[in-house]
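Open the structure in your viewer and keep the sequence at hand, as this tour moves from one selection to the next and says what is there at each stop.

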Amino acid sequence: MSDLHDLECKPCRGGEPAITDSELQRYLREIPDWTVISDEKVRKLTREFRFRNFREALTFTNRVGEAAEAENHHPLICTEWGRVTVTWWTHAIDDLHLNDCIMAARTDRLV
C-alpha cells in the first residue's frame, strides 16, 4: 500500500470512477481521524480540528486553503472559534476520489 502523503493528486474533471468501498477502507487506515459521511448520497470525508482560539483556527484554515489551491482541489471549510471542520469530496463526480484521501492526509500534516 502506498503512503497517501507520497501520492500525487491528479486532475479530476468528471467521468473518473469513485474509489470503491474496499479502497476507502484501506485508505482510512492511513487517515483514521477522518469520518465518512453521506450527504444526499454523496460520500464525503470530514474531520474537526480543535484550536485554542480563533486566530489559530484561522491560521490553519489559511494553510488548508493554500494546499487546496496548489492542487486545484477545494474542500468545504467551516471556521469557528477554536474549531475548523474540513470536508473533502470531488464535486466533479459527486463522490470520493483518491484525491480526497490524499488531501485529507495532507490536511493532517498542516496542524
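Please keep in mind throughout that this is a predicted model. Begin by selecting helix 1 (21–28), strand 2 (42–50), helix 2 (54–71) and strand 4 (83–88), which are among the elements that cover the buried residues of helix 3. Now add helix 3 itself, residues 98–109, whose twelve residues should span 16 Å at 1.5 Å a residue, and whose end C-alpha atoms are 17 Å apart, which agrees with that expectation. Which residues of helix 3 are buried? They are Asn99, Asp100, Cys101, Ile102, Met103, Ala104, Ala105 and Thr107.

Stay with helix 3 and select Arg106, which is partly exposed because its relative accessible area is 22%, between the limits of 20% and 50%. Arg106 forms a salt bridge with Glu71, and the closest N and O atoms are 2.8 Å apart. This pair links distant parts of the chain, since Arg106 belongs to helix 3 and Glu71 to helix 2, 35 residues apart. Glu71 is also partly exposed, with a relative accessible area of 29%.

Next, move to strand 2 and select Glu48, which has a salt bridge to Arg83 with the closest N and O atoms 3.6 Å apart. Here too distant parts of the chain are linked, with Glu48 in strand 2 and Arg83 in strand 4, 35 residues apart. The side chain of Glu48 also meets that of Arg50 in a salt bridge of 2.8 Å, N to O. Add Glu80 to the selection, and you have a network of salt bridges that links Glu48, Arg50, Glu80 and Arg83. Within this network, Arg50 is exposed, with a relative accessible area of 59%, whereas Glu48 is partly exposed at 35% and Arg83 is partly exposed at 26%. A search of the whole structure finds ten salt bridges.

For a change of character, select Phe54, Leu58 and Trp81, which form a nonpolar patch on the surface with about 340 Å² of accessible area together. Leu58 is found in helix 2, and its relative accessibility of 36% makes it partly exposed.

Finish with two loops and their backbone angles. Most residues other than glycine have a negative phi. Glu40, in the loop between strand 1 (35–39) and strand 2, is not a glycine and yet has a positive phi of about 55 degrees. Asn72, in the loop between helix 2 and strand 3 (76–80), likewise has a positive phi, near 55 degrees. Glu40 counts as exposed at 75% relative accessibility, and Asn72 counts as exposed at 62%.

Terms used
Residues are numbered from 1 along each chain as its sequence is written. This is a predicted model: local features need pLDDT of at least 70, side-chain atom pairs count only at pLDDT 80 or more; totals for chains, interfaces and linings use all residues. Side-chain values use heavy atoms; hydrogens and water are left out. Helices (H or I, at least four residues) and strands (E, at least two) are DSSP runs, numbered from the N terminus. The expected span of a helix is 1.5 Å times one less than its number of residues. Buried means under 20% relative accessible area, exposed over 50%, partly exposed in between (1.4 Å probe, protein chains only). Contact means heavy atoms within 4.5 Å. Patches are made of residues with over 30% relative accessible area and no salt bridge: like charges are joined within 9 Å, nonpolar side chains (Val, Leu, Ile, Met, Phe, Trp, Tyr) within 5 Å. Accessible areas come from the Shrake-Rupley method with a 1.4 Å probe; for residues, only the protein chains shown count as cover. A salt bridge is a side-chain nitrogen of Lys or Arg within 4 Å of a carboxyl oxygen of Asp or Glu.
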